[in-house]
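Trainee: I've just got this one open in the viewer. Can we go through it together, starting at the ligand and working outwards?

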Amino acid sequence: MNCKELDITPLGAWTKGQDTPLIIAGPCSAESHGQMLEIAKGLAEIPAVRIFRAGIWKPRTRPGQFEGMGVEALPWLKEVKEQFGFLTAVEVANPQHIEAALKHDVDILWIGARTSVNPFTVSELAETLRGTDVGVMIKNPVNPDIQLWMGAIERFHAAGIRKLAAIHRGFSYFRKSPFRNAPMWELPIELKRICPALPVITDPSHICGNTSMLLAVAQKALDLEMDGLMIETHDNPEIALTDKEQQITPANLKLLLSQLIIRKKSGTPNFQDKLEQMRSEIDRLDHEMLEILSRRMEIIDEIGHYKKDNNITILQLKRWREMLQERIDSGLASGLSRPFLMDMLQLLHDESIRRQEVIFRNENEDAKLDGA
Ligand code: PEP
Ligand code: MN
């Protein structure tokens, strides 16, 4: 069964409540009994927090750093659950982790970004869970590969896990970015489009890597219809043993949540009518744009034949440079943004070159449409 038709238990049915967004909070790492109870006490003041997270086994990029308290911390998590009524969540990366977590009544297991990249490990974890009724949340793989993310979800589903959710924690990216992990919102949006039943929870902490952008990222997640937030919380972030730059106190989490605007997914009939009118204008313009693009490509093909017949190169750098500059200036003057103009013009130019290559290679119409 592929992602499109997964049979998934609705989020509210296994996370203590129907209301979204679902809020998951707790420390990056469980560090001590006192730290866990102190954080839980603070989070218990925030009714929206349903799930208490804590990393017990920490995947560290370099050796020699704090790698988590291991099984010693599991009774602390159980105490948090019994004393405060939270559901509990830990990251698991091998069958021994799963066995220990389940023995201590952990409710939800999450698969970390460094684990969801590996189909062998994912399959092994999924098989270990076969026959259990535990919740599983799958973080996006570190690299922006939606197939890998969906593959991991499908593997747990195939092992009979139905309490499933995805966690969007951003992606490693080679370009300089203000984020620790680039959010690349188009990926979780595409995941939701392909797997409509799958809840997606955003993890602003690992996306931002700092505390100053948390609110903006959390707000954006909600405005993009994500189903919940996972936010790392520590009683004293300054001395946290892992991810101290991005953790906030429970009091600051309470403040952040109070600043979030929770918007409705649809409005009154009047609102919907007006929206539909505006949308039909967009539909009309999009079709007009497609028609113009198609006419543009017809002329590109004509130019391709003309260059080929006269033995002239496809790329004319001077023309491309001048054209790019002229279009960017004109687009900026019309209120379009520079990154958008750059991407759009680059895309148009790439496609024009590709079509002319097809003509130069004497290939048929199918090759033109396949986009090889
Ligand atoms: C974490 O949640 O603390 C963690 C290690 O996350 P990720 O797998 O997203 O890096
Ligand atoms: Mn962390």
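## From the ligand outwards

Mentor: Sure, start here: an N or O atom in the side chain of R169 sits 2.6 Å from an oxygen atom of ligand 1. Keep in mind that this is a predicted model.

Trainee: How much of the accessible area of ligand 1 does the protein cover?

Mentor: Take ligand 1 on its own, and it has 300 Å² of accessible area. With the protein around it, the covered share of that is 97%.

Trainee: Which side chain has an N or O atom 2.9 Å from an oxygen atom of ligand 1?

Mentor: Two more arginines come up here. R53 puts a polar side-chain atom 2.7 Å from an oxygen atom of ligand 1. The 2.9 Å distance to a ligand oxygen belongs to the side chain of R114.

Trainee: How many charged residues are in the shell around ligand 1?

Mentor: Among the residues surrounding the ligand are K58, E91, K139, H206 and E232, along with C28 and W110. Sorted by class, the shell has three nonpolar and two polar residues, and the charged ones number seven.

Trainee: Now the packing. Which helix gives the most residues to the largest nonpolar core?

Mentor: That core has 74 residues, and F52, I153, F156 and L191 have the most contacts inside it. The top contributor, with six residues from the stretch 146-158, is helix 6.

Trainee: How many residues are in the second core?

Mentor: It is separate from the big one, and its members include W14, L22, M137 and A165. As a general point, nonpolar side chains in soluble globular proteins tend to be buried together. The size of this second core is 14 residues.

Trainee: What share of the protein chain counts as buried?

Mentor: The chain has 14 helices and eight strands, and its C-alpha trace spans about 80 × 50 × 40 Å along the principal axes. Out of 372 residues, the buried share is 46%.

Trainee: How far apart are the C-alpha centres of domain 1 and domain 2?

Mentor: Domain 1 runs over 3-259 and domain 2 over 269-371. Between their C-alpha centres the distance is 41 Å.

Trainee: On to the backbone. Is M184 buried or exposed?

Mentor: M184 has phi near 40°, a positive value in a residue other than glycine. You'll find M184 in the loop between strand 6 and helix 7. Its relative accessibility is 14%, and the cut-off is under 20%, so M184 counts as buried.

Trainee: And E225, which also has a positive phi: what class does its accessibility put it in?

Mentor: Phi of E225 is near 65°, and E225 is in the loop between helix 9 and strand 8. Because its relative accessibility is 37%, E225 counts as partly exposed.

Trainee: What is the C-alpha distance between G70 and A100?

Mentor: G70 is in the loop between strand 2 and helix 3, and at a relative accessible area of 10% G70 is buried. Along the chain G70 and A100 are 30 residues apart, while their C-alpha atoms are separated by 9.4 Å.

Trainee: Last one: which residue is 6.5 Å from A73, C-alpha to C-alpha?

Mentor: A73 lies in the loop between strand 2 and helix 3, and with 0% relative accessibility A73 counts as buried. Its partner at 6.5 Å is 43 residues away in sequence, and that is A30.

Methods
Residues are numbered from 1 along each chain as its sequence is written. Chains are lettered from A and ligands numbered from 1 in the order in which they are written. This is a predicted model: local features need pLDDT of at least 70, side-chain atom pairs count only at pLDDT 80 or more; totals for chains, interfaces and linings use all residues. Side-chain values use heavy atoms; hydrogens and water are left out. Domain bounds come from an automatic or database domain assignment. A residue is near a molecule or strand if one of its heavy atoms lies within 4 Å of it. A polar contact is a pair of N or O atoms within 3.5 Å; within protein, one must be able to donate a hydrogen and the other to accept it, and residues adjacent in sequence count only if both atoms are side-chain atoms. Accessible areas come from the Shrake-Rupley method with a 1.4 Å probe; for residues, only the protein chains shown count as cover. Ala, Val, Leu, Ile, Met, Phe, Trp, Tyr, Cys and Pro count as nonpolar, Asp, Glu, Lys and Arg as charged, and the others, Gly among them, as polar. A nonpolar core is a set of buried Ala, Val, Leu, Ile, Met, Phe, Trp, Tyr and Cys residues joined through side-chain atoms within 4.5 Å. Buried means under 20% relative accessible area, exposed over 50%, partly exposed in between (1.4 Å probe, protein chains only). Helices (H or I, at least four residues) and strands (E, at least two) are DSSP runs, numbered from the N terminus.
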